[in-house]
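Biologist: Could we go through this model together, with the criteria stated as we go?

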Amino acid sequence: MVFDSIGDRDHEQVSHFTDPETGLQAIVAIHDTTLGPSLGGTRMLDYETEQHALEDVLRLSQAMTYKAAAADLPLGGGKAVILGNPDDLKSEALFEAYGRAVDCLGGRYITSVDVNSGVADMDVIARETDHVVGTSNGLGDPSPITAHGVYHGVRACTESVYGTESTSGREVLIQGLGKVGRSLAEELLADGASVTVTDIDENAVDAFAREHDVETIPSDAVFDQSCDIFAPCAVGGVINDETIPQLDCDIVAGGANNILAERRHATALRDRGILYAPDYVINGGGLITVAKEYLGGTREEAYEEAAAIGDRLLEMIELAEERETTVLEAADAYAREQIEAAERTTPAVPTQL
Ligand code: NAD
């Protein structure tokens, strides 16, 4: 079943772990370690079936390979899932057992926070293994650095569309005023952009609007609003068959993961003349931060590397224009080229003398 599910994704290793005493059932998927050890968060969810959990971890770990390669990081792609309802199952003993599971992979997989696993859980895992990032001793919340990368990605898009990287006077609509959306709004305002914000949490919107010079709109009016740049910073799947015809903007570039409901929506946006900055490229600042934590470095260095997302994205946009394809295709090609270039110098399996 595992080999069938892997299909043509070519995972290097998929490991299942159990610990009857704590109820731990976990799957760690290592997709590709050509560029370095695999890194990706641990998601804890009450999956409908074991097959759903397997599909999720295989898909997410493959995406991490592309995300790391597109950020020019010396890391591969991995991800883990713990099966079960966190409300019933979460315990320190379970995360300690899980930490031992991660440790036995010998550093081929480095874990971090994800859905239903936070800093406190990483601290527990760190009692058992060094191969964990996002602990309370780490580099701190990556969200402002993620936002900094998104900001530079937005500037690359304005450079491509309007011929200037300044966002001054541009109308930007930010969906989601959470940790990323808030920091992004502040950076754009400082650059002179005209910012409109929305969130399902109306109190958060009102509080932000009292402190900043922004317009606000109700969260259900987001696709009625025209703007230059639409920046989804809330949830995935917001660009889909229903919303694409409603969009009245030149650029879609935001921090949310899985902005497109399906890959084909990148083509649909291009057909409408809308530039789409691939989410995994533009929101790479979070991964850059945790990679810094593992490989050694400072928060300031992470900010600098996140800023470089702008130039890299511009390269991808130009590549897409040259090849008459979507920026998503160009980003995938860029990531694959990084991996293939490394393969030419590093044997896939170490040679023995
Ligand atoms: P967050 O939970 O702090 O903020 C999300 C915000 O979106 C919340 O304020 C929530 O009320 C709002 N929201 C939810 N549904 C909405 C809707 N339908 N319309 C409007 N607002 C809605 O999360 P975050 O850390 O800011 O992350 C935002 C997105 O960026 C997520 O998709 C996350 O996966 C992605 N991301 C975050 C990071 C990071 O460093 N935090 C890194 C990479 C990607």
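The turns below cover the ligand, the two domains and one helix residue.

Modeller: This is a predicted model, in which local features need pLDDT of at least 70 and side-chain atom pairs count only at pLDDT 80 or more, while totals for chains, interfaces and linings use all residues. Residues are numbered from 1 along each chain as its sequence is written, and side-chain values use heavy atoms, with hydrogens and water left out.

Biologist: Which helices each supply at least two residues of the shell around the ligand?

Modeller: The shell holds 18 residues, a residue being near if one of its heavy atoms lies within 4 Å of the ligand. Those that come nearest are Thr146, Lys179, Val180, Asp199 and Asn257. Helices are DSSP runs (H or I, at least four residues), numbered from the N terminus. The helices asked for are α6 (143-162) and α7 (179-190).

Biologist: What share of the ligand's exposed area does the protein bury?

Modeller: A polar contact is a pair of N or O atoms within 3.5 Å. A ligand nitrogen is 3.0 Å from a side-chain N or O atom of Ser143, and a ligand oxygen is 3.0 Å from such an atom of Lys179. Accessible areas come from the Shrake-Rupley method with a 1.4 Å probe. Alone, the ligand exposes 830 Å², and the buried share is 72%.

Biologist: Which three residues supply 65% of the area that domain 1 buries against domain 2?

Modeller: An automatic or database assignment sets the domain bounds, giving domain 1 (2-66 + 76-125) and domain 2 (143-334). Buried area is the accessible area (1.4 Å probe) that two parts lose on being put together, summed over both. Between these domains the value is about 570 Å², with 77% from carbon and sulfur atoms. The three residues of domain 1 are Leu39, Tyr66 and Ile110.

Biologist: Which side chain does a polar contact of 2.8 Å join to that of Glu187?

Modeller: Glu187 is found in helix α7. Leaving aside neighbours within four places in sequence, Glu187 is in contact (heavy atoms within 4.5 Å) with Pro144, Ala147, His148 and Tyr151. Within protein, a polar contact also requires that one atom can donate a hydrogen and the other accept it, and residues adjacent in sequence count only if both atoms are side-chain atoms. The partner at 2.8 Å is His148.
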